[in-house]
Amino acid sequence: VCSSRYVLSALHPMWQGPLAAPGGNRQSPIDIRVRKSVFDPHLEPLTLEYDPRTCSQVWNNGYSFLVEYNDTTDKSTLKGGPLEDTFRLCQFHFHWGESNAWGSEHTVDRRLFAAELHLVHWNSNKYKLFEEAVLEENGLAVIGVFLKIGKRHEGLQKLVDVLPAVRHKDSVVEFTSFDASCLLPANIDDYWTYAGSLTTPPLSEAVTWIIMKQPIEVSHDQLAVFRSLLFTSAEEEVQKSMVNNFRVQQPLKGRTMETIPE
Ligand SMILES: NS(=O)(=O)c1cccc(F)c1
Ligand SMILES: [Zn+2]
């Protein structure tokens, strides 16, 4: 199971500040300026092969809820696009707001979405563990998918139904045979890609970001269940709703956003 136990709680003192990683020149998230993105003819289509049998559990880590995959073999993989190697799916999670008006980490020409899905993969050609890959430039590949409010997402509902079981920080529930590819938009070959970082501590500058141009739709009620989760553990007196778990935007510092020719 991908022990991305890197995510500090949103309440951790280190996390309260503006938290620009010292000397960071490829920090995430950023605003995607559509007209400034450059066509890269070498970008290939993405190849996603997710095996639902590698899905193992849902965990509330005090900042988001992670759907964790067994990443001990190359069963659920991502290849192609800007990537030279094979990347292994280890977890996916979301970021959202207290209202539908905001919640995403990346923006598109300053447009905010209600939430953002991150599918986290690590380079299994070069490294043996997520923990190793997270220390290396381009050791990780994260697919970002925007969520907008619209019709109910049938595939997401299976996950929404177990969220009450992980209401408190540090709670875990078994969750199996979930095909994460059901959360991707119809056309996965329409994306932006850039070199960035983790958006929570340790903010490692190890991520090739692949952001889907097409959002997926989820219902208002489904997103409301995300907001019923808590940052706080069962023992704490004051319960805090898990909302607004997104990082402030970071300077572009000369990076270019690449996109696949239409
Ligand atoms: N929000 S994120 O950049 O996808 C991320 C943060 C921390 C750990 C991780 F595996 C992924
Ligand atoms: Zn994330």
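## Close-ups of a predicted model

**View 1. Ligand 1 and its shell.** Strand β7 gives the largest share of the shell around ligand 1, with three residues. Keep in mind throughout that this is a predicted model. The shell counts 13 residues, and those that come nearest are Gln91, His93, His95, Thr199 and Thr200. For anyone checking distances, a nitrogen atom of ligand 1 sits 2.8 Å from a polar side-chain atom of Thr199. His93 also puts a polar side-chain atom 3.2 Å from a nitrogen atom of the ligand, and for His95 the distance between a side-chain N or O atom and a ligand nitrogen is 3.3 Å. How much of the accessible area of ligand 1 does the protein cover? On its own the ligand has 310 Å² of accessible area, and the protein covers 99% of that. As for secondary structure, β7 and β9 are the elements that give two or more residues to this shell.

**View 2. The zinc ion (ligand 2) and its histidines.** Three histidines coordinate the zinc ion at 2.0 Å: His93 and His95 through NE2, and His118 through ND1. Which geometry does the site have? The site is tetrahedral, with angles of 98 to 117° among four donor atoms. Along the chain, the donors follow the spacing H-x1-H-x22-H. His95 and His118 link distant parts of the chain, being 23 residues apart, with His95 in strand β7 (residues 87–96) and His118 in strand β9 (residues 115–123).

**View 3. His95 and the residues around it.** This view stays with His95, a residue of strand β7. Is His95 buried or exposed? Its relative accessible area is 1%, so His95 counts as buried. His118 is buried too, with a relative accessible area of 1%. The side chains of His95 and His118 make a polar contact of 3.0 Å, and a polar contact of 3.2 Å joins the side chains of His95 and His93. Leaving out residues up to four places away in sequence, His95 touches a set of residues that includes Tyr63, Glu105, Glu116, Thr199, Asn245 and Phe246.

**View 4. Asn60, side chain to backbone.** Asn60 belongs to strand β4 (residues 55–60). With a relative accessible area of 0%, Asn60 is buried. What does its side chain reach at 3.1 Å? One partner is the backbone oxygen of Leu230. Another is the backbone oxygen of Val166, which lies 3.1 Å from a polar atom of the Asn60 side chain. Beyond residues up to four places away in sequence, Asn60 has contacts with, among them, Phe65, Arg167, His168, Asp170 and Met242.

**View 5. Val162 and Phe130, two buried residues.** Val162 is found in the loop between α3 (154–160) and β11 (172–174). Its relative accessibility is 18%, and the cut-off for buried is under 20%, so Val162 counts as buried. Val162 touches Val58, Val173 and Phe175, with residues up to four places away in sequence not counted. If you want a ruler across the model, the C-alpha atoms of Val162 and Pro29 are separated by 28 Å, and the two residues are 133 apart along the chain. Phe130 is in helix α2 (residues 130–133). Phe130 is buried as well, at a relative accessible area of 4%. Its C-alpha atom is separated by 12 Å from that of Ser204, 74 residues apart along the chain.

**View 6. Backbone oddities worth a check.** Most residues other than glycine have a negative phi, and most peptide bonds are trans. Where are the cis bonds shown here? One runs from Ser28 to Pro29, with omega near 5°, and Pro29 lies in the loop between α1 (13–16) and β1 (31–32). Another joins Pro201 and Pro202, with omega about 10°, and Pro202 is in the loop between β12 (191–196) and β13 (207–212). On the phi side, Arg110 has a positive value of about 70° although it is not a glycine. Arg110 lies in the loop between β8 (107–108) and β9 and is exposed, at 58% relative accessibility. Lys253, also not a glycine, has a positive phi near 50°. Its place is the loop between α4 (220–226) and β15 (258–259), and Lys253 is exposed, with a relative accessible area of 52%.

Notes. Residues are numbered from 1 along each chain as its sequence is written. Chains are lettered from A and ligands numbered from 1 in the order in which they are written. This is a predicted model: local features need pLDDT of at least 70, side-chain atom pairs count only at pLDDT 80 or more; totals for chains, interfaces and linings use all residues. Side-chain values use heavy atoms; hydrogens and water are left out. Donors are N, O and S atoms within 2.8 Å of the metal (3.2 Å for Na, K and Ca); water is not among the atoms, so sites may look incomplete. Four donors count as tetrahedral if all angles lie between 85 and 135 degrees; four count as square planar and six as octahedral if opposite donors are over 155 degrees apart and all others between 65 and 115; anything else is irregular. Helices (H or I, at least four residues) and strands (E, at least two) are DSSP runs, numbered from the N terminus. Buried means under 20% relative accessible area, exposed over 50%, partly exposed in between (1.4 Å probe, protein chains only). Contact means heavy atoms within 4.5 Å. A residue is near a molecule or strand if one of its heavy atoms lies within 4 Å of it. A polar contact is a pair of N or O atoms within 3.5 Å; within protein, one must be able to donate a hydrogen and the other to accept it, and residues adjacent in sequence count only if both atoms are side-chain atoms. Accessible areas come from the Shrake-Rupley method with a 1.4 Å probe; for residues, only the protein chains shown count as cover.
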